[in-house]
Amino acid sequence: MRTAAVAAGLVGALAALTACSGGGGGGGKSASSAPPSATATPTASSGSAAATGASGKLQGSWLTTNGGKIVALVITGKKAGLFVTGRKTWCQGTAGQDAGMQMIHLTCPDGDKDRTTGMVDSVDGKGLTVKWSGKAGEETYTRAEGGTLPSAPPTRVKK
């Protein structure tokens, strides 16, 4: 029960964070002019690439667990925010179309690189799977609807 309360607070805090108008990771830089690779695997990034227009399916609050920590991802418009419990890690950036793929680009002030570039593998009304270029790898999130949390956040998917 306490985990649910912490996660609910995180989702609210991230929603407020992504609503802020400050530096969303885009920094005025455009995405690389290099042609996209033939593979769909994300590459390491500083999180400075800008994505354009997140699809409606990406919008919302998403939760998962990884290594016993709660990971909350919130996407509002083109802005994205992420918080990991127990590590004091929070990141902000962009979400949307980038080189024909749905991508998430984050910058973490503490220098954490676990989730700086993520390619959306699948998304529907209840779940979101992101392949992160960093140590986090692939994560499957559950949508938190209307201020409520899912009954049980999914755990990390290892492939």
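## Strand S8, tucked inside

Let's start with strand S8 in this predicted model. Five of the six residues of S8 are buried, so the strand is largely enclosed by the rest of the structure.

Threonine 129 is a good residue to look at here, since it sits in S8. Is threonine 129 buried or exposed? Its relative accessibility is 10%, and the cut-off for buried is under 20%, so threonine 129 counts as buried. Which residues does it touch, leaving aside those up to four places away in sequence? They are Met119, Val120, Asp121, Ser122, Glu138, Glu139 and Thr140.

## The neighbours of S8

S8 pairs with S7 in the antiparallel sense, over five bridges. One pair to find on screen is valine 123 with its bridge partner in S8, leucine 128. S7 and S8 also make a hairpin, and three residues lie between them.

Now for S9. S8 and S9 run antiparallel too, and five bridges join them. Here you can pick out valine 130, whose bridge partner in S9 is glutamate 139. This is another hairpin, with five residues between S8 and S9. Look in that turn for glycine 137, which has a positive phi of about 70°.

## Glutamate 138, at the start of S9

Strand S9 covers residues 138-144, and glutamate 138 belongs to it. Glutamate 138 is also on the list of residues that threonine 129 touches. How accessible is glutamate 138? At 11% relative accessibility, and with buried meaning under 20%, glutamate 138 counts as buried.

Arginine 115 is worth finding as well. Along the sequence, arginine 115 and glutamate 138 are 23 residues apart. In space, the distance between them is 9.9 Å from C-alpha to C-alpha.

## S2 and its two partners

Strand S2, residues 60-66, is another mostly covered strand: six of its seven residues are buried. S2 runs antiparallel to S3, and seven bridges join the two. Among the residues involved is serine 61, with valine 74 as its bridge partner in S3. S2 and S3 form a hairpin with two residues between them. In its turn sits glycine 67, with a positive phi of about 60°.

S2 also connects with S9: these strands run antiparallel and are joined by three bridges. To spot the pairing, look for tryptophan 62 and its bridge partner in S9, arginine 143.

## The nonpolar core

Time to look at how the nonpolar residues gather. In soluble globular proteins, nonpolar side chains tend to be buried together. The largest nonpolar core in this model has 20 residues. Which of them touch the most other members? Those are Leu73, Leu82, Ile104, Leu128, Trp132 and Tyr141. The elements that give two or more residues to this core are strands S3 (69-76), S4 (79-84), S5 (89-98), S6 (101-107), S7 (117-123) and S8 (127-132). Leu128 turns up twice in this tour, as a core residue and as the bridge partner of valine 123.

## Stepping back

So how many helices and strands does the protein have? There is one helix, and there are nine strands. Reading from the N terminus, the order is α-β-β-β-β-β-β-β-β-β.

The protein has 159 residues, and buried ones make up 42% of them. Take the contacts between residues at least 6 apart in sequence: 49% of these join residues at least 24 apart. As for the outside, the accessible surface comes to about 7,900 Å², with 57% of it belonging to carbon and sulfur atoms.

Methods: Residues are numbered from 1 along each chain as its sequence is written. This is a predicted model: local features need pLDDT of at least 70, side-chain atom pairs count only at pLDDT 80 or more; totals for chains, interfaces and linings use all residues. Side-chain values use heavy atoms; hydrogens and water are left out. A nonpolar core is a set of buried Ala, Val, Leu, Ile, Met, Phe, Trp, Tyr and Cys residues joined through side-chain atoms within 4.5 Å. Buried means under 20% relative accessible area, exposed over 50%, partly exposed in between (1.4 Å probe, protein chains only). Helices (H or I, at least four residues) and strands (E, at least two) are DSSP runs, numbered from the N terminus. Two strands pair if DSSP finds at least two bridges between them. Contact means heavy atoms within 4.5 Å. Accessible areas come from the Shrake-Rupley method with a 1.4 Å probe; for residues, only the protein chains shown count as cover.
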